[in-house]
Amino acid sequence: MTDSASVPGKPGGAASPPDTHDATTPPHAACFTAREAAAYLHLNEKKLYELANQRELPAARVGGKWLFPRALLEEWVLEQAHGGALTDRLLVTGSDDPLLTAAIAALGADQGADSWIAYSPTGTLPGLERLARRRADAAVLNWGAVEHSARQHLTLLHRFGPHRQWARVRLALREQGVLLRPGLKADGLGTLAGFDYRWAMRPPGAGTQHFLESALPGTGLTLADCSVSTTVPSERQAAALLVRAEADCAPGSRAAATEFGLGFLSLGWVALDLALPRQVLFRRLFQNLLRACGSTASRALARRLGGYELSPLGEVAGLD
């Protein structure tokens, strides 16, 4: 990406009046030009280019020219105020998790029509992509064994341009492995991978799938040795297939196995983290979500489901 010094445009100085438009830009166009965006934000264009190059405000390069989506820029200004119209919403995406699902449902019921809180599990990488594109407020991730999670999560998040504005919050440690259809007994991962057991796999980019792929080399096998019958977007959909005996096994958590009455083969533990913009960290709704995850009801559910360690809940780490 071109640095701010080499981007054509006016050097620093007073911005144009807010009602001044480029001759080729209609007054109500969907995008601002650089001159219009600088006037709207009361910045000189040099500073505007600097923020755009650092991905600190919403902008796009089209044909070598910077464009600034009007709606996203207005949203960005509200976000900077920490008390704008967006503080009454919280959209969480990323990894699927039973305990977080329950906590969000409880918080949503408690908030009622006063706010909008939703959870759309997509898997770790798709969730982070949505977060990077400002389509979500927080993304859940788990990527590798717990003992390597700090390094691996940091490396993963650094793939995304806006990570400098993000924080990482620990939710829990979670036991990970393989879900087994009712009645199925397996003496190890090698048996499930090496024989004709029907796998319901998660798509590439899902943390549970990545964990399984990381464990398979220890058996002398790879993902290609597994008999894959289908691929499903979420852990709950995989569990439902096993309940209906439409598949034999699937990567997943002990909590999901307990929730659906399935067998479980443990392969280890992962760390569940939330990545989110720093300004979202201080929103009332997000802080309420952390309280809901640590409530008496959530801790009782974690004990019933099994496979959770909640002692690190709420720990905040930077991404530098």
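Which residues line the largest cavity? They are Asp97, Leu99, Leu100, Leu171, Ala172, Leu272, Cys293, Tyr308, Leu310 and Leu313. The views below show a predicted model, in which local features need pLDDT of at least 70 and side-chain atom pairs count only at pLDDT 80 or more, while totals for chains, interfaces and linings use all residues. Residues are numbered from 1 along each chain as its sequence is written, and side-chain values use heavy atoms, with hydrogens and water left out.

**View 1. The largest cavity.** A cavity is a set of points on a 1 Å grid over the protein atoms alone where a 1.4 Å probe fits but cannot get out, and lining residues have an atom within 4 Å of a point. Grid points are joined across faces, edges and corners, and a volume is the space filled by probe spheres set on the points. Searching the whole structure gives 3 cavities of 30 Å³ or more, and the largest cavity has a volume of about 70 Å³. Two or more lining residues come from each of helix H4 (98-111) and strand S7 (166-180); helices (H or I, at least four residues) and strands (E, at least two) are DSSP runs, numbered from the N terminus. By class, the lining has 9 nonpolar residues, no polar ones and 1 charged. Here Ala, Val, Leu, Ile, Met, Phe, Trp, Tyr, Cys and Pro count as nonpolar, Asp, Glu, Lys and Arg as charged, and the others, Gly among them, as polar.

**View 2. The largest pocket.** A pocket is an open set of points with protein on both sides within 12 Å along at least five of seven lines. The volume of the largest pocket is about 690 Å³. It is lined by 28 residues, of which Arg55, Pro58, Ala132, Arg134 and Pro162 are the closest to its centre. At least two lining residues come from each of helix H3 (70-80), helix H5 (124-132) and helix H11 (278-281). H3 gives the most, with 5 residues. The lining divides into 14 nonpolar, 3 polar and 11 charged residues. Domain 1 (31-81) and domain 2 (82-172 + 272-318) each supply at least three residues of the lining; the bounds come from an automatic or database domain assignment.

**View 3. The open sheet of S1, S3 and S2.** In this sheet 3 strands stand in the order S1-S3-S2, with antiparallel pairing. S1 and S2 are at the edges with a single partner strand each, so one side of each has no neighbour in the sheet. Two strands pair if DSSP finds at least two bridges between them. Strand S1 (residues 31-32) is joined to S3 by 2 bridges: Cys31 stands opposite Pro69, and Phe32 has Phe68 as its bridge partner. Strand S2 (residues 60-62) pairs with S3 over 3 bridges, and the partner of Val62 is Lys65. The hairpin of S2 and S3 has 2 residues between the strands, and Gly63 takes a positive phi near 60 degrees.

**View 4. The two faces of strand S3.** Side chains alternate along S3 (residues 65-69). Trp66 and Phe68 point to one face and are buried, while Lys65, Leu67 and Pro69 point to the other and are not. Buried means under 20% relative accessible area, exposed over 50%, and partly exposed in between (1.4 Å probe, protein chains only).

**View 5. Helix H12 and Arg283.** Of the 10 residues of helix H12 (residues 284-293), 7 are buried. These are Leu285, Phe286, Asn288, Leu289, Leu290, Ala292 and Cys293. Arg283 is in the loop between H11 and H12 and is buried, with a relative accessible area of 5%. Arg283 and Arg89 are 194 residues apart in sequence, and their C-alpha atoms are 9.4 Å apart in space.

**View 6. Salt bridges.** A salt bridge is a side-chain nitrogen of Lys or Arg within 4 Å of a carboxyl oxygen of Asp or Glu, and this rule gives 11 of them. One joins Glu175 to Arg254, with the closest N and O atoms 2.5 Å apart. Glu175 is in strand S7 and Arg254 in helix H10 (residues 254-260), so the pair ties together parts 79 residues apart in sequence. Glu175 is buried, at 10% relative accessible area, whereas Arg254 is partly exposed, at 29%. Another salt bridge joins Glu259 and Arg236 (2.6 Å, N to O). This pair links helix H10, which holds Glu259, with helix H9 (residues 235-243), which holds Arg236, 23 residues apart. Both are partly exposed, Glu259 at 36% and Arg236 at 31%. Arg244 and Glu246 also form a salt bridge (2.9 Å, N to O). Arg89, Asp137 and Arg283 are joined into one network by salt bridges that share partners.
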